[in-house]
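Here is a friendly walk through one protein model, with the cut-offs given along the way. Have the coordinates open as you read.

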Amino acid sequence: MALKTHPTGTGTGAGIGAGTGRSWIVVVSAGVAAGLQVWKLPPAIPFLRQDLSLTLVQAGTLLGIIQLAGMLGGLAISLLAELIGERRCLSGGLVLLFLGSAGGGFAWSAGSLLASRAVEGAGFILVVVTGPGLIRRSTPPGRLTTAMGFWGAYQGISTFAGLITGAVVLQVVPWRVWWWAMAVLALAPLPWVLARVPRDALAYVPRDDLAYVPRDDLAYVPRDVPGRGPHAIPGRVPRDIPAGVPGDVTAAHVHRDNAGGARGAVAALARIGRTVRAPAPWAAGLVFACYTLPWMAVVGFLPTIYRDGGMAASWPGVLSAVVGAANAIGSITTAALMKRGLPARALLVPAFALMATTSLPAFAVDWRTLPAGTTWQFLCVVAFSLTGGAIPATLLRMIGELTPAGGSAPATMGLIQQLFNTGSFVGPALAAWLATRTGGWHSTWWITCACAAVGIALSLRLRTRVTAPAVAPAPAGDSAPVGDSATAPTADGTIDSGAPHA
């Protein structure tokens with residue numbers, strides 16, 4: 001396969017050139033735009049309940065319905081991404097988010113608003129399933145952990161922006177105007193996605209003259225260096241594993257020979273099948289669900305909890321926004337820790353333990369009877385959200401290591417997203433049901449502690465292994481093209497990845 005390479009900053013076409021290395025910022029902005037469609041709802045719940053006569057359980061369903069598409073269609077989206085490309089899927093998702101939010105502004109009942117939220121859910125899953133793959137494909141290896149940390153923070157960022165802006169804006173405009181404004185914001189990243197994110201036929205070539213092409217026509221590709229030839233790579237080896245020394249990169253055209261048509265569909269289904277049969281993506285998805293279920297249960301209803309506690313004006317939304325920002329800070333900080341080599345288990349287990357221990361006093365204690373009780377409860381919830389941010393950052397960085405040999409990275413993300421969204425869907429509805437049955441929010445800690453216990457048990461069993469690609473011998477005098485001192489072969493032909501392990 002002959003590939004034409006361009007020096008950094010001199011490439012042609014969308015996404016090539018000096019800006020390509022920062023295209024992950026555009027993808028993260030698309031994730032934030034998608035997340036805003038989830039978090040535009042909590043500050044609007046009191047207005048929706050009054051205008052559309054919603055019950056508390058219906059409000060919880062509205063909060064979770066946007067996750068329904070992800071519950072049902074994560075793997076289907078991964079197949080679509082394999083066939084037409086992740087960039088096209090992400091762009092289509094932004095369009096659907098715009099249509100759903102714009103249509104929701106015209107809703108006249110709970111049913112019509114639910115329908116518009118379902119459209120938003122379809123757009124949301126298109127964005128969040130394909131975002132990590134686009135980041136992995138277009139980010140230089142040295143920046144990948146940072147980029148994934150920010151992607152893990154997109155939900156916290158959107159929570160902060162959605163809640164604090166909604167709390168202020170909804171004091172002066174109707175909720176329908178808020179919905180239409182969010183529709184415009186959903187579409188805003190699209191021009192930058194089309195201009196800055198590499199097309200689905202582009203990949204990076206690290207400066208050590210070798211590139212691992214993250215598509216079905218895998219090969220290590222040398223740059224134009226006299227005396228070097230390409231190293232043959234078998235067709236079924238792990239994908240999305242950056243090879244070589246992190247640093248300056250050039251862009252390379254990668255021909256998607258196997259995409260499209262019956263052959264492409266069969267090959268994509270085979271890759272997805274191998275992924276679904278592997279235990280690691282399932283385990284990681286369940287760990288993710290154990291995080292997102294209690295986090296959504298708490299943060300999704302936090303403005304309502306504060307209002308029920310007697311807080312007025314925009315304070316419920318502002319304080320809830322700070323809790324969301326703490327989650328983003330936790331995710332970005334975790335990325336920095338992982339860049340320093342901290343293993344995944346050292347992050348996952350303490351994060352779940354701290355989520356449980358901070359949520360217990362936050363909800364089990366009647367803070368209204370204590371001096372400065374609201375302040376102490378708020379600090380407990382901030383700590384709950386801050387420590388929880390370590391979990392998405394860690395798991396998202398492990399996507400490449402969770403994908404089995406010959407499997408599909410989009411399918412790994414799709415499966416994890418299905419389980420993730422199941423937790424996001426169930427959490428708010430379960431919290432609302434429990435509050436209705438027990439007469440208050442004091443029982444919310446039952447959910448958080450139970451999920452933390454299951455999350456710890458699953459994290460301790462999570463294993464990630466990466467199959468070592470078999471590389472033909474390099475010409476005499478050349479250095480080995482793959483591997484470094486951090487990787488060592490095992491008896492079954494695999495190597496322990498230098499990436500974070502659980």
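## A contact across the sequence

Ile-157 sits in helix H8, which covers residues 154-169; helices here are DSSP runs of H or I with at least four residues, strands are E runs of at least two, and both are numbered from the N terminus. With a relative accessible area of 28%, Ile-157 is partly exposed. On this scale buried means under 20% relative accessible area, exposed means over 50%, and partly exposed lies in between, using a 1.4 Å probe and protein chains only. Ile-157 and Gly-324 are separated by 167 residues in sequence, yet their C-alpha atoms are 6.7 Å apart in space.

A word on the ground rules: this is a predicted model, where local features need pLDDT of at least 70 and side-chain atom pairs count only at pLDDT 80 or more, while totals for chains, interfaces and linings use all residues. Residues are numbered from 1 along each chain as its sequence is written, and side-chain values use heavy atoms, with hydrogens and water left out.

## Salt bridges

How many salt bridges does the structure hold? There are 3 salt bridges, each defined as a side-chain nitrogen of Lys or Arg within 4 Å of a carboxyl oxygen of Asp or Glu. Lys-40 pairs with Glu-120, with 3.1 Å between the closest N and O atoms. This pair ties together distant parts of the chain, 80 residues apart: Lys-40 belongs to the loop between helix H1 (23-39) and helix H2 (45-52), and Glu-120 to helix H6. Glu-120 also forms a salt bridge with Arg-117, at 3.3 Å between the closest N and O atoms. Because Glu-120 and Arg-117 are 3 residues apart in helix H6, about one helical turn separates them.

Lys-40, Arg-117 and Glu-120 are thus linked in a network of salt bridges. Are its members buried or exposed? Lys-40 is buried, at 0% relative accessibility; Glu-120 is buried at 0%; and Arg-117 is buried with a relative accessible area of 0%.

Asp-51 and Arg-176 form another salt bridge, at 3.7 Å from N to O. It links distant parts of the chain, with Asp-51 in helix H2 and Arg-176 in helix H9 (residues 175-187), 125 residues apart. Asp-51 is partly exposed at 42% relative accessibility, and Arg-176 is partly exposed at 23%.

## A nonpolar surface patch

Helix H6 (residues 110-138) also holds Val-119, which is partly exposed at 33% relative accessibility. Val-119 joins Val-95 and Leu-99 in a nonpolar patch on the surface, with about 210 Å² of accessible area together. Patch members have over 30% relative accessible area and no salt bridge, with like charges joined within 9 Å and nonpolar side chains (Val, Leu, Ile, Met, Phe, Trp, Tyr) within 5 Å. Accessible areas come from the Shrake-Rupley method with a 1.4 Å probe, and for residues only the protein chains shown count as cover.

## The second largest pocket

The second largest pocket has a volume of about 510 Å³. A pocket is an open set of points on a 1 Å grid over the protein atoms alone, where a 1.4 Å probe fits, with protein on both sides within 12 Å along at least five of seven lines; lining residues have an atom within 4 Å of a point. Grid points are joined across faces, edges and corners, and the volume is the space filled by probe spheres set on them.

Its lining has 21 residues, with Ile-305, Gly-309, Arg-368, Gln-377 and Trp-441 nearest the centre. By class, the lining has 11 nonpolar, 7 polar and 3 charged residues, where Ala, Val, Leu, Ile, Met, Phe, Trp, Tyr, Cys and Pro count as nonpolar, Asp, Glu, Lys and Arg as charged, and the others, Gly among them, as polar.
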